[in-house]
Amino acid sequence: MSDHLTEEEQLEALKRWWKENGKWIVAAVVVAVGGYFGWTTYQDRQQAEAEAGSAIYSELLDTLAVEEGSAVSDDDRARATELVTQLKTEHANSAYGANAALIRARWAVDENDLETAEGELRWVLEQETSEAVRQLARLRLARVLSAGGQLDDALATLEAESPADSIAAEYAEARGDILSKQGDNEGAAQAYQSALDSLDAQQQNRVLLLQMKLDNVQPAAASDASGTEENAS
């Protein structure tokens, strides 16, 4: 009899516990299951968006692909512009949107349309894209500003952040080009030397050009320094 009562007591205790806590267990299960399916749905959506972006980007590259020495037709260029706009609108914070803007900026430079190139590159810098893409856009923006005669802005653009090691040589070279245009030969020489020092094993093909740039400004830099010393004396 005592055993039977004990079982009944245990059953009653279990009922009371379930009455007090059961709804929280059910809620937890619902949340867990809902979270699982929600996460799965999110992943599926992300995958679908990535595939859609990839397809549009592939079409963009195919549209602009021409044989060497040939030009992109007006129809293909119009279609490419549409694809760039679509990628920037529907995939703004993905690599596809940013790379599409970089491509548009590049062909704008080829057409000497610096205003369009500047706009595309500034758009990239406003997006939540990778740091590598942002630094490439910043470098190209500085060169576009320099080409347009906005030398102070170009220099400020380069100096807005420290570049990664993989792109440090290009940043230093661009800085040297800008300083050379400003007539700061000593600063340009230092920048070109920094570019040479920053080259990695895969960038050794840049040595000759950088050395030529350095050699071109070094005599002027030495002359500037000599003139400064004479004035001081």
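**Notebook: salt bridges and helix packing**

Started with a charged pair: the side chains of R77 and E111 meet in a salt bridge, 2.6 Å from N to O. I checked where the two sit. R77 is in helix α2 (residues 74–90) and E111 is in the loop between α3 (95–110) and α4 (114–126), so this pair ties together parts that are 34 residues apart in sequence. Note to self: this is a predicted model.

Then I looked at how open the two ends are. R77 is partly exposed, at 23% relative accessibility. E111 is partly exposed too, with a relative accessible area of 42%.

**Stepping back to the whole chain**

I wanted the overall picture before going on. The protein has 9 helices and 0 strands, so read from the N terminus the order is simply α-α-α-α-α-α-α-α-α. Of its 233 residues, 33% count as buried. The accessible surface comes to about 14600 Å², and carbon and sulfur atoms own 51% of that.

I also looked up contacts along the chain. Taking contacts with a separation of 6 or more, 51% are between residues 24 or more positions apart.

**More salt bridges**

How many salt bridges are there in the whole structure? My search turned up 11.

I picked R175 next. R175 forms a salt bridge with E159, and their closest N and O atoms are 3.2 Å apart. This pair links distant parts of the chain: R175 is in helix α7 (residues 168–181), while E159 is in the loop between α6 (151–158) and α7, 16 residues away. R175 comes out as partly exposed at 32% relative accessibility. E159 is also partly exposed, with a relative accessible area of 48%.

Next up was E173 with K213. Their closest N and O atoms are 2.8 Å apart, and the two form a salt bridge. Here, too, distant parts of the chain are linked: E173 is in helix α7 and K213 is in helix α9 (residues 207–232), 40 residues apart. Are E173 and K213 buried or exposed? Both E173 and K213 are buried.

I followed that pair outward and found a network. R143, E173, D177, R206 and K213 are linked in it by salt bridges.

**Helix α2 against α3**

Back to the helix that carries R77. The axes of α2 and α3 come within 8 Å and cross at roughly 145°. The crossing of α2 past α3 is left-handed. I listed the residues that make the contact: R77, A80, T81, V84, L87 and K88 come from α2, and Y96, G97, A100, A101, R104 and W107 come from α3. R77 shows up here as one of the contact residues, as well as in the salt bridge to E111.

While in α2 I checked E82, which lies in that helix. E82 is partly exposed, with a relative accessible area of 47%. I then took its distance to L60: the two are 22 residues apart along the chain, and their C-alpha atoms are separated by 9.1 Å.

**Helix α3 against α5**

Next I turned to the packing of α3 with helix α5 (residues 131–147). Their axes are 11 Å apart, and the angle between them is about 20°. Why call them roughly parallel? Angles under 35 degrees count as roughly parallel, and α3 and α5 therefore fall in that class. The crossing of α3 past α5 is left-handed.

Which residues of α3 and α5 meet? From α3 I noted A98, L102 and V109, and from α5 V133, L136, A137, R140 and V144.

**The loop after α3**

I went back to the loop between α3 and α4, where N112 has its place. Its backbone caught my eye: phi of N112 is near 60°, a positive value in a residue other than glycine. Is N112 buried or exposed? At 61% relative accessibility, N112 counts as exposed; the cut-off for exposed is over 50%. E111, in that loop as well, is partly exposed at 42%.

**Last look: α9**

I finished with Q211, which lies in helix α9. Q211 is partly exposed, at 31% relative accessibility, whereas K213, also in α9, is buried. I took one distance from Q211: Y192 is 19 residues away in sequence, and the C-alpha atoms of the two are 7.7 Å apart in space.

Notes: Residues numbered from 1 in each chain as written. Predicted model: local features only at pLDDT ≥ 70, side-chain atom pairs only at ≥ 80, totals over all residues. Heavy atoms only, no water. Helix = DSSP H or I, 4+ residues; strand = E, 2+ residues; numbered from the N terminus. Buried < 20%, exposed > 50% of the residue type's maximum accessible area, 1.4 Å probe, protein only. Contact = heavy atoms within 4.5 Å. Areas by Shrake-Rupley, 256 points an atom, 1.4 Å probe, with all protein chains shown as cover. Salt bridge = Lys/Arg side-chain N within 4 Å of Asp/Glu carboxyl O. Axes fitted to C-alpha atoms, helices over the stretch in contact; angles between N-to-C directions. Parallel < 35°, antiparallel > 145°, perpendicular 65-115°, else oblique. Left-handed = near helix turned anticlockwise from the far one by under 90°.
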